[in-house]
Amino acid sequence: GYAVNYNSHSHWIAMTCNRFSPLLSLSLVVALLVGMPIASVLLNVFSGGTGDTLAHLASTVLPEYIENTLWLCFGVGFGVTVVGVATAWLTAMHDFPGRRVFEWALVLPLAMPAYVLAYVYTDFLQFVGPLQTWLRESFGWSGGDYWFPDIRTLGGAITMFVFVLYPYVYMIARAAFMERASGMLEAARTLGVGPWASFFRVSLPLARPAVAAGTALALMETLADYGTVSYFAVQTFTTGIYRAWFSLGDRIAAAQLAALLLGFVVLLLALEKISRGRARFHNTTGRNRPLSGRRLSGWASAAAVSVCALPLTLGFLLPASLLLRLTLAEGDTQFGERFALLARNSFVLAGITAVCAVMLALLLAYAARQSKGLLSRGLNRAVGLGYAVPGSVIAVGVLIPVTRLDNLIAAGWQSMFGHNPGLLLTGGIAALVYAYLVRFLAVALQTVGASLSKITPSMDDAAKSLGCSQGETLRRVHMPLLRGSLFTAGLLVFVDVMKELPATLVMRPFNFDTLATQTYTLASDERLAEASTAALAIVVVGLVPLVALSRQIANARR
């Protein structure tokens, strides 16, 4: 009996050790580090404090935060759905002049951060801007002779977000339309269903999960934004977090507002899940060949071109040309040495974060591949949730525990060596890079994990039979095959860090500016022409991965 128990105990220990391999242990540590900022925010909600700040906010501006946030979500959700679905349906299922250009060019607004778009259109549409000046000179009007809409309003903010974020819905919905395009639509046509009826009764219901996923991504980006709503004076939870932290100096109130904003994100994810219910969307025809696009002519062709050209023009072509004009005409007076310093800071932060994110994503994805258990997949999903958390929430969640750790290190160092080393983590870029990794590690993990899943497991078995360890298999077999995906993942993280504003504003070290913070600072001081140089640099860098993405979309029909 003792031998049986001993053997069973040894088998349990062996299974446990195998289950918690070094790679899986690393996944657990990374998941805990990613979840720590969120846990910090939630724990500080119930920590001690007078609560005077939150009570003051609740009686004054909190209802406005909630109302504006709800209207932003409703307006942006409706707008990106209409624009994204319309352009996706036209480019995927129809043939008209310019379609081959529109199908890849419609993703270009993603390179334009919403706050940059807000600054550009404010300069273009203000009273002394080019458009109103031209109207007064052309018609002989004076200031009180005409009415012109104010762009710096809640409606203006919704418009900015719609024309920047609709590509999320466009890309996912277009892929869904093309995947479902063959057998089901042909069956609908044989039953006498017309184009509009087949769209509303067949294609759109089948693409509903894709449309909901794209809309959820757009809404999460809307909730995470700070530059646009702050510049337009639209009071939301993000602006409230920044004000509570810096203006009022109350970390508890900032954490409580961050928790409320996190609740909005969780609500969005829950609504997207509930909207699908128990419905399943399968293609049972066994035919995946895309249909040839229905040829449009006459007024229908002109309408299709107009529908596709409008968001592309307003979301990218017009603002990019205005940015270029401002840069060439006036631009930043400190373009030389100052601009080089800003670019260096931005590239260093983005480069370090991209390299770390790719390395961690590769190890996390490979650990899930080797363990093949529910724990590893659950840990990777937990890591992926970081992208859904706004940068302002992550910044608050990182600063609270890291600042305490910094103070403990400084106190211990002083007691041992007799001098204070200062803030080692929050005084440099280490804490900021950590916040970036929490926010954008999911981008790299999704890209690397999808490519790693396409490599047949027989290669692992062959390498193991030849005596290769897990590390050797990763280095000699998988990494050469994943070279392109690793580069793509790093590039996506690099661009996301270049554009990130809320976390950078909250956590940057003293006297440390980037292109994003410089753009925000100059625009806040109404120095829009000078802000154009840094803003244009951010847009140009953002175009790099979109060019590769656009080529993939253009070749999707092959």
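Trp-134, Phe-139 and Trp-141 come together as a nonpolar patch on the surface, with about 350 Å² of accessible area together. (Patches are built from residues with over 30% relative accessible area and no salt bridge, joining like charges within 9 Å and nonpolar side chains, meaning Val, Leu, Ile, Met, Phe, Trp and Tyr, within 5 Å; accessible areas come from the Shrake-Rupley method with a 1.4 Å probe, and for residues only the protein chains shown count as cover.) Keep in mind that this is a predicted model, where local features need pLDDT of at least 70 and side-chain atom pairs count only at pLDDT 80 or more, while totals for chains, interfaces and linings use all residues. Residues are numbered from 1 along each chain as its sequence is written, and side-chain values use heavy atoms, with hydrogens and water left out.

**The big picture**

- The protein chain has 25 helices and 2 strands (DSSP runs numbered from the N terminus: H or I of at least four residues for helices, E of at least two for strands).
- Of its 558 residues, 50% count as buried; buried here means under 20% relative accessible area, exposed means over 50%, and partly exposed is in between, with a 1.4 Å probe and protein chains only.
- The chain exposes about 26600 Å², and carbon and sulfur atoms supply 65% of that.
- Take the contacts (heavy atoms within 4.5 Å) between residues at least 6 apart in sequence: 83% of them join residues at least 24 apart.

**Helix α7 and its surroundings**

- Phe-139, one of the patch residues, sits in helix α7.
- Gln-132, Leu-135 and Arg-136 are buried in this helix, which covers residues 130-139.
- Looking down the axis of α7, these buried residues fall within an arc of 95°, so they line one face of the helix; the arc is taken over the directions from the helix axis to the C-beta atoms.
- What they pack against is α6 (114-125).
- Just after α7 comes Gly-140, with a positive phi of about 70°.

**Salt bridges**

- Side chains of opposite charge can pair when their charged atoms come close.
- The count here is 7 salt bridges, each one a side-chain nitrogen of Lys or Arg within 4 Å of a carboxyl oxygen of Asp or Glu.
- Asp-95, Arg-99, Glu-103, Arg-174 and Arg-295 are linked in a network of them.
- Within that network, Asp-95 pairs with Arg-99, with the closest N and O atoms 3.5 Å apart. Asp-95 is partly exposed at 26% relative accessibility, while Arg-99 is buried at 6%.
- Arg-99 also bridges to Glu-103, and here the closest N and O atoms are 3.1 Å apart. These two residues are 4 apart in helix α5 (residues 99-105), which puts about one helical turn between them. Both Arg-99 and Glu-103 are buried.
- Elsewhere, Arg-508 and Asp-513 meet in a salt bridge at 2.2 Å, N to O. Arg-508 is partly exposed at 26%, and Asp-513 is buried at 14%.

**Cysteines**

- A disulfide is a covalent bond between the sulfur atoms of two cysteines.
- Searching the whole structure turns up 0 disulfides, using a cut-off of 2.5 Å between a pair of cysteine sulfur atoms.
- As for individual cysteines, Cys-73 is buried, with a relative accessible area of 12%, and Cys-356 is partly exposed at 28%.

**Backbone oddities in loops**

- Most residues other than glycine have a negative phi.
- Ala-233 is not a glycine, yet it has a positive phi of about 60°. Its place is the loop between α12 (227-231) and α13 (237-247), and at 54% relative accessibility it counts as exposed.
- Asn-511 also has a positive phi, near 60°, without being a glycine. This residue is in the loop between α23 (502-507) and α24 (515-524), and it is exposed, with a relative accessible area of 67%.

**Thr-239 and its neighbours**

- Thr-239 lies in helix α13 and is buried, at 5% relative accessible area.
- Leaving aside neighbours within four places in sequence, Thr-239 is in contact with Tyr-65, Tyr-226, Val-229, Ser-230 and Val-234.
- Thr-239 and Leu-257 are 18 residues apart in sequence, and their C-alpha atoms are 9.9 Å apart in space.
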